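Student: Can we walk through this one together? I'd like to see how each answer is reached.

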Amino acid sequence: MKYPNNIPEEELKNRVGDDFFGDFDHAEIKGKIDFAVKPRGTVQSDLFECEYYLWAEAKAAATDILVMLTQLVLTVGKAKTFDAVNPPHFLGCFDRAKIAFVPYYDIQEIFAMNDFNWNVAPSNRDTKEFKLVHNRISAIIKGERTCVFDFAKEEKELKEFIKDNFVAGKIDVAKVQINKNNFKYIYDKWVVEVMPTIQAYWPAVKKLGIMDGDFYLADLLSENNKTLKEKLFVLLKTDYYELDRKIDDSGFLRTRRADFIDNQKAHKRFWAKYERPPKEEYWDYITARRDLLVPQDVRERKGAFFTPTQWVAKAHEYLAKTFGEDWQDEYYVWDNSAGTGNLLNGLLNKDNIWASTLDKADVDVMHDRIENGANLWAEQVFQFDFLNDGFLPVSKGGKLPDKLFEIINNPKKRKKLIFLINPPYGEAGTGQGRGHKAGVKESKTLERFSGIISGLALREKYVQFFARIHADIPGCKMAAFVTPKYICGPNMKTFRNFWKAQYLGGFATPATTHDNCSGKYPICLFIWDLTVKNDFPEKVTCDVFNENELSDGVKTFCSYDGKYIIDWLKESYDKKVPIGYLRVNNNDFQHQNDINILSVPTDRDVYSKNVRHITKNNLIYCSIYFSVRHCIEHTWLNHHDQFLYPNNGWKKDKKFQNDCLAYALFHGKNKIKSDEGTNHWIPFTEEEVGSKKRFKSRFMTDFISGKDDTDYGLAEPSAPYGNSDDAYCVVAEPLPLYGSFLDMGGSGGGSMPPKPIKFSREASAVFAAGRELWRYYHSRPKTNPNASFYDIREHFQGRKENGNMNPKSTDEKYNELIGALREKLKILAKNIESKVYEYGFLKV
C-alpha cells in the first residue's frame, strides 16, 4: 500500500484505518491521541473494561520513529490516559511510509518517572523533557520487540502481524513463523535491510567460499543471537559474526570476525518481526537449500536451481522404464551441474554416482549432507567447471576422480554413462534485450563451438553443456531437465543440425512447479542416446504431468526449419494509407499478448519496427494473422509452439477469411481508440446502433457491404506513420501484394470485395451480440458517436489507479452484454482453430 506524498494527516489516518484495521473500531479519537484501535462493539460505559490494541501518533510527512513515539508518550503521560482506561497492547506511530509497534509494557516504566514535568508541550522537541524521553525510548527500542513495517513493501507482513496480535487477552507479541516455504522470501528482505549493515568486503568474503546467504543462515538458525548449528560456514556470536574457522600450522583455531556498522540496529529491527529459530524439523531442509540464498541473476548464471522432489522421483522412474529395472547397477550416473545434489536423492548405488558443481560452497554442502547420511561417496563429489575445465584425472593434477576419468575414456563403459542433469538456463551475451542475462560469462565451450552452432543458440548455457557432452563424451546417454526451446525455437536450427542422437522418451511439467519459476511454460525431462547418430527428429512426443502431478495425456513438440507466419505476413506489406496498425512479434504463443491492432504505434514500436500498416488492401490478411495468433489460448504447454507459413488452402476459404475479420473486429486486443485518430473500425451503421450523430468514417460497413472504392475519410498521414518506407516494417521494400482479393479467388482490382461479405452463422452471432452492446452504449447520455470497441469497454469498465482497465464494470447490464459477446467470440474461435491446423499455421 503506497500513500501519496501530499496526503493530509486526517486522510492518512482514515486510509490506514480502512486499509489495515478495517476489522476493528479505529474511528475514536482518544483525547489528544491521534489514532486508537479497539474491538468493535465497545460502548462508552465499557471503556475501562475495554482492551485497546493500539494508541498511535500519526504524521503525514516522513518523520523519525523515535520522534513520533516520544511525542505520543508525552501526550499520554500529560493526560494520564492510562488512569482513565486500560492501556493498549501497543504504542505505535506511523507516517505515509511506515508504521511501528512497541509493546506498551516495554515502555510503561517511563510513565512512572519521578520529578518529571509532564506539562510540557508534547510537540516541542527542544525541551529537556522531550530529550529525556527520547533517550529512554531509544534505549528501549534497540531490542527485538519493536516492529517496523513499510506500508508499500511489507503490506502482507503487516496484515499478518495485526491478525496475530490484535487478539483479545493476548499479551506476548506474535512474530512471523519461518518455515521451508517462506525462508527464501525472508532472505530477500534480509539482503536489503541487514546485509548492508555487515562490515564486510563481499568480493573477498566470496573468495573464501562464503556467501551472504551463510550470514543469513547464521541469523536464522540462532536463539538469543547465538547460532545453534555449529557446522555452518558463519556463526552469529551475539553482536558479531565468526567465519573462516581454521586450525593453523601451530594447532590453534584461527577465525575471522565481521561486525555491524550500525551497532546492530537494523539487525535487531529486522529480526523483531520473525520467530527464531524455525522449528528444528526444517533445519536440514533449509541448510540443504543453501543454493537458494543467492540473488536471482547469480542463480541463473550458475544453474543453481533445485529440481523438486516429485520430479526427481519421476525422472528416476523414467530412467528405469528406459534402461531397465537394474539400471542403477548397470549404468553410471554423473550430474555435472549438481548444485547441492538433490537430483541424485533416492539413488541407491553410490558406487556408480558422481556429482560435480561450479561452486566449492555447494560441494561443502554435499559433503556435510554425506556426513549426515546422504547416499554419496565424498571422493565422488567434486568441484568442476564443466564448460571450462579440462578432462584430467586427479592423479595427473586434474579435477576428475580417476574412476570417472577411466569411464569417459573407455568406449564400452562410456555407453553406460548417463548424464542426469538440470543445467543452467542463463544466456551468455551482452545482457541487452529480452531474455539476455547480464553478467553471464563467456566460456571456453562457447568459444570452441561458435563456428559450428549459431550464436543465438550457443548463448544458451544448457546448449553449451549439451555440445560438450556430445563432442567430448560420445556414445553416452543424457537425461536433462530443460525447456523445449531447443526443439521448437527458430534460432536453434544450427544446434539441431549439430545434435545427432536418438530420442528415447520423457515427460513435461509446468514451470510453476519448479524452483523459483513463475512463467507459463514447460520444463521437460528428455532422454537421449548418443550412441545412435540420428538426425534431429521432426517430432518429440512426451508424457504430460500437471501441477498436481497427475498424468494429463501426451504432448508433441515439433522442430521446424522452414518459413514462419511472419514471412507469410510480409507478402501483404502495403504502403498505402493505413486504417490502423498491426503490432507483430515472434512466432510463438509466448508473445501472444504482444499481437494488437492499434490506432497509433508507440515509440517502442517505432524503434523495434514491429508494426505493419493495415490498409483496405491487406485488411483480410492482417485479420487472418491476428485471429490465428489469438484464437487458441496460450497455455504452459503450448508456450514454445511456433506459427508457420501456411499451405494454400486458406486462399479460397472465404468463410475462414470472413470469420477472421469478424474475430478481429470484436477481440479485446483490438485497441483502436477514437481519440488517437479517425476510427475506421465501426462495424455497424448509425441506424443499427441508434447513434445520435453521423460517424466520421463508414469504412468498415462499406468494406463489409462490398461498395466501390470511395472516400472513407482516409487522409494521407504525416511521416513517419505513412510516408516512411520502412518506419514500421521489417522489410525495407514492398513485396508483391500476394494477398489481394484477386489472388484469394475474387475478381476486380483487388482493393475492395466484389460483393458483400457473407458471414457464417457463428460470426453473425458475434455481430448480433456486438450490435446489442453498441446500442446500449449509444442509449446512454453523453456518448462519443465515434467510439470504438475499446472506447466502449473503457467507458463502462473504467481504470485502476495504475492505469490498467478494470476487469469488470459496476454496470450489470453492460457486464451481461459483454459476457454474451465474449461467449459468442469463443464459439467463433473454435471454428478458426480447426482451420489453423488444417492450413498448416500450426503443426499437429
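Tutor: Sure, and we start with a term: helices (H or I, at least four residues) and strands (E, at least two) are DSSP runs, numbered from the N terminus. This is a predicted model, where local features need pLDDT of at least 70, side-chain atom pairs count only at pLDDT 80 or more, and totals for chains, interfaces and linings use all residues. Residues are numbered from 1 along each chain as its sequence is written, and side-chain values use heavy atoms, with hydrogens and water left out.

Student: How many residues apart are E11 and R15 in helix α1?

Tutor: Their side chains meet in a salt bridge, 3.7 Å from N to O; that term means a side-chain nitrogen of Lys or Arg within 4 Å of a carboxyl oxygen of Asp or Glu. An α-helix has 3.6 residues a turn, so residues three or four places apart point the same way. E11 and R15 are separated by about one helical turn because their spacing in α1 is four residues.

Student: And K13 in that salt bridge with E10: is K13 buried or exposed?

Tutor: The closest N and O atoms of E10 and K13 are 2.9 Å apart. For burial, buried means under 20% relative accessible area, exposed over 50%, and partly exposed in between (1.4 Å probe, protein chains only). E10, at 47%, is partly exposed. K13 has 7% relative accessibility, so K13 counts as buried.

Student: Which residue forms a salt bridge with K830?

Tutor: K830 is exposed, at 56% relative accessibility. Its partner sits three residues away in helix α31 (residues 812-838), so about one helical turn separates the two. With the closest N and O atoms 3.5 Å apart, the partner is E833.

Student: Which residues do salt bridges with shared partners join into one network?

Tutor: Side chains of opposite charge can pair when their charged atoms come close. The structure holds 38 salt bridges. Where salt bridges share partners, they make one network of E154, E193 and K273.

Student: How far apart are the end C-alpha atoms of helix α25?

Tutor: Helix α25 covers residues 619-630, which is twelve residues. The expected span is 1.5 Å times one less than the number of residues, so α25 should span 16 Å. The end C-alpha atoms agree with that, at 16 Å.

Student: How many residues of α25 are buried?

Tutor: Among the buried ones are L619, Y621, F626 and H630. The helix is largely enclosed by the rest of the structure, because the buried count is twelve of the twelve.

Student: Where is N224 found?

Tutor: N224 has a positive phi, near 50°, in a residue other than glycine. N224 counts as exposed because its relative accessibility is 72%. N224 is in the loop between β7 (222-223) and β8 (226-227).

Student: D244 isn't a glycine either, so what is its phi?

Tutor: D244 lies in strand β10 (residues 241-247). With a relative accessible area of 12%, D244 is buried. Its phi is positive, at about 55°.

Student: Which residue does a cis peptide bond join to R276?

Tutor: The omega of that bond is about -10°. The partner lies in the loop between β12 (274-275) and α11 (283-288). The residue joined to R276 is P277.

Student: What is the separation of the C-alpha atoms of N117 and E129?

Tutor: N117 lies in the loop between α4 (104-107) and α5 (128-140), and is partly exposed at 34%. N117 and E129 are twelve residues apart along the chain, and their C-alpha atoms are separated by 7.1 Å.
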